[in-house]
Amino acid sequence: MLGYIDKIRQISKGLIEDKKVDMIIGFKKGTMPMMNEPCLVKSPKDVEKLVWDSNCGINLANYLTDRKERIGIIAKGCDSRNIVTHIIENKIKREQLVIIGVPCTGMIDKHRLTSMFEGEIEQVTEQNGNITIKGEDFEEILKKNDVLQQNCSVCIHRNPVVYDELVSDLVEEQDVDRYEDVRKIEAMPSEKKWNYFDDLLSTCIRCYACRNACPLCYCPTCFVDESRPQWVGKSDDSIDIRTFHFLRAYHCAGRCTDCGACERACPVGINMRMFTRKLEKDCFEQYGWEAGLSLDERPPLDTYKPEDPDDFIK
Amino acid sequence: MEHMGIEPGRIHFSWVSSAESTKFVQVVNEVTEAVKALGPNNHFITKEAKVA
């Protein structure tokens, strides 16, 4: 993945110089290890700022919402699916975009790495599928595939689904069982399920980082911020917290691409994908739908088909 | 909802036309019976905030 950056810079520079786009949305190096920041590049000399490595987990489609400029955007598999979702939902026009596709081999799970070491991680470098982690008094080499974000390790759409330029050859897609953990929860009795989610959310501080990082959450006023009417309690009571996560997941039903931005943004490391993935699984099993794969197909929740399952209606 | 830990049988969906009064009565009876059988749901009771 490291080799991509020269190509990314070269394509970006070309696009800006030829005035095909007004800006490029990409990543620049963050101030802390494993935290690359999104950045907007508007002039050819700033193209050098752009980077690409295994810490680009944030979903850049989040920065497209309602933009009027012509934009070049760097997109890995999940970003490209969210771009498609944005186009379907009229949040951006396809004509405005030049999509620079990046075949992806997964992003590093920074929560996991941070918890693996006692000291502070000061530097993370990668080479040939290995990650070197350096701190004040330790240094360790790990295999990248062992420390992938959980959503990346079960990703089956690593290659962008739409693109105008491609920075490298497409990578091989994984053949994995995506829903093993969801099935585990499904098999639990109700009481156990309840307790599982209680545990899961017990550390939530309702900072809404998950919502802010999510490319699907673009409502001008989010239901949790609304106070007339107030849909949901704003306290950190466990029921209010659960209602927030539950409703947010529902708003993403049939739209979530499992990009993992919510989990990555969470400061306390809650695996809130356990909510969205159940909905994703249901969508796939009942409607054969995976979000963001095609520009020509309407999502299952805004179409009707006679064969839609309806046996839950008595 | 069931995935999150609400018991199966507590939530019901039905489609009743305004002309189907008998079906409406039947559905209401079925729902109340099923929910009574499950007993009270204590999950959503909010405890009063603790004051230090």
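Here are five short exercises with worked solutions on a predicted model.

**Exercise 1: the closed spaces**

Find how many cavities of 30 Å³ or more the structure holds, then describe the largest cavity.

*Solution.* Let's start with the idea behind the search. Rolling a probe the size of a water molecule over the atoms shows where empty space is left.

- Step 1: Search the whole structure, and four cavities of 30 Å³ or more turn up.
- Step 2: Take the largest cavity, which holds about 280 Å³ of space.
- Step 3: Look at its walls. The largest cavity has 33 lining residues, and those nearest its centre are R81(A), C155(A), R178(A), T257(A) and D258(A).
- Step 4: Ask which elements give two or more residues to this lining. They are α2 (77–88), α4 (150–153) and α10 (273–287) of chain A. The most comes from α10(A), with five residues.
- Step 5: Sort the lining of the largest cavity by class: 16 residues are nonpolar, nine polar and eight charged.
- Step 6: Check the domains. Domain 1 (1–106 + 156–176) and domain 2 (177–305) of chain A each give at least three residues to the lining of the largest cavity.

**Exercise 2: the runner-up**

Work out what lines the second largest cavity.

*Solution.*

- Step 1: Note its volume, which is about 100 Å³.
- Step 2: List the residues closest to the centre of the second largest cavity: C214(A), C256(A), C259(A), G260(A) and C262(A), out of 15 that line it.
- Step 3: Find the helices. On chain A, α9 (261–265) and α10 each supply at least two residues of this lining.
- Step 4: Sort by class, and you get eight nonpolar, four polar and three charged residues in the lining of the second largest cavity.

**Exercise 3: the open space**

Describe the largest pocket and say which element gives the most to its lining.

*Solution.*

- Step 1: The largest pocket has a volume of about 1100 Å³.
- Step 2: Its lining has 31 residues, and Y250(A), D282(A), Q286(A), F312(A) and F13(B) are the closest to its centre.
- Step 3: On chain A, the elements giving two or more residues to the pocket lining are α6, α8 (238–251) and α10.
- Step 4: So who gives the most? That's α10(A), with seven residues.
- Step 5: By class, the pocket lining has 19 nonpolar, four polar and eight charged residues.

**Exercise 4: a helix with two sides**

Check the length of helix α6 of chain A, then find out where its buried residues lie.

*Solution.*

- Step 1: Helix α6 of chain A covers residues 190–201, which makes 12 residues. At 1.5 Å a residue, the expected span is 16 Å, and the end C-alpha atoms sit 17 Å apart, so the two agree.
- Step 2: Pick out the buried residues of α6(A): S190(A), K193(A), W194(A), F197(A), L200(A) and L201(A).
- Step 3: Look down the axis of α6(A). The buried residues fall within an arc of 125°, so they line one face of the helix.
- Step 4: Now look at the other side of α6(A), where K192(A) and D199(A) are exposed.

**Exercise 5: buried or exposed?**

Decide whether G135(A) and K19(A) are buried or exposed.

*Solution.*

- Step 1: Locate G135(A), which is in strand β6 (residues 130–135) of chain A.
- Step 2: Buried means under 20% relative accessible area. G135(A) has 14% relative accessibility, so it counts as buried.
- Step 3: Locate K19(A), in the loop between α1 (4–17) and β1 (23–28) of chain A.
- Step 4: Exposed means over 50%. K19(A) has a relative accessible area of 64%, so it is exposed.

Note on methods:
Residues are numbered from 1 along each chain as its sequence is written. Chains are lettered from A and ligands numbered from 1 in the order in which they are written. This is a predicted model: local features need pLDDT of at least 70, side-chain atom pairs count only at pLDDT 80 or more; totals for chains, interfaces and linings use all residues. Side-chain values use heavy atoms; hydrogens and water are left out. On a 1 Å grid over the protein atoms alone, a cavity is a set of points where a 1.4 Å probe fits but cannot get out, and a pocket is an open set with protein on both sides within 12 Å along at least five of seven lines; lining residues have an atom within 4 Å of a point. Grid points are joined across faces, edges and corners, and a volume is the space filled by probe spheres set on the points. Helices (H or I, at least four residues) and strands (E, at least two) are DSSP runs, numbered from the N terminus. Ala, Val, Leu, Ile, Met, Phe, Trp, Tyr, Cys and Pro count as nonpolar, Asp, Glu, Lys and Arg as charged, and the others, Gly among them, as polar. Domain bounds come from an automatic or database domain assignment. The expected span of a helix is 1.5 Å times one less than its number of residues. Buried means under 20% relative accessible area, exposed over 50%, partly exposed in between (1.4 Å probe, protein chains only). The arc is that of the directions from the helix axis to the C-beta atoms.
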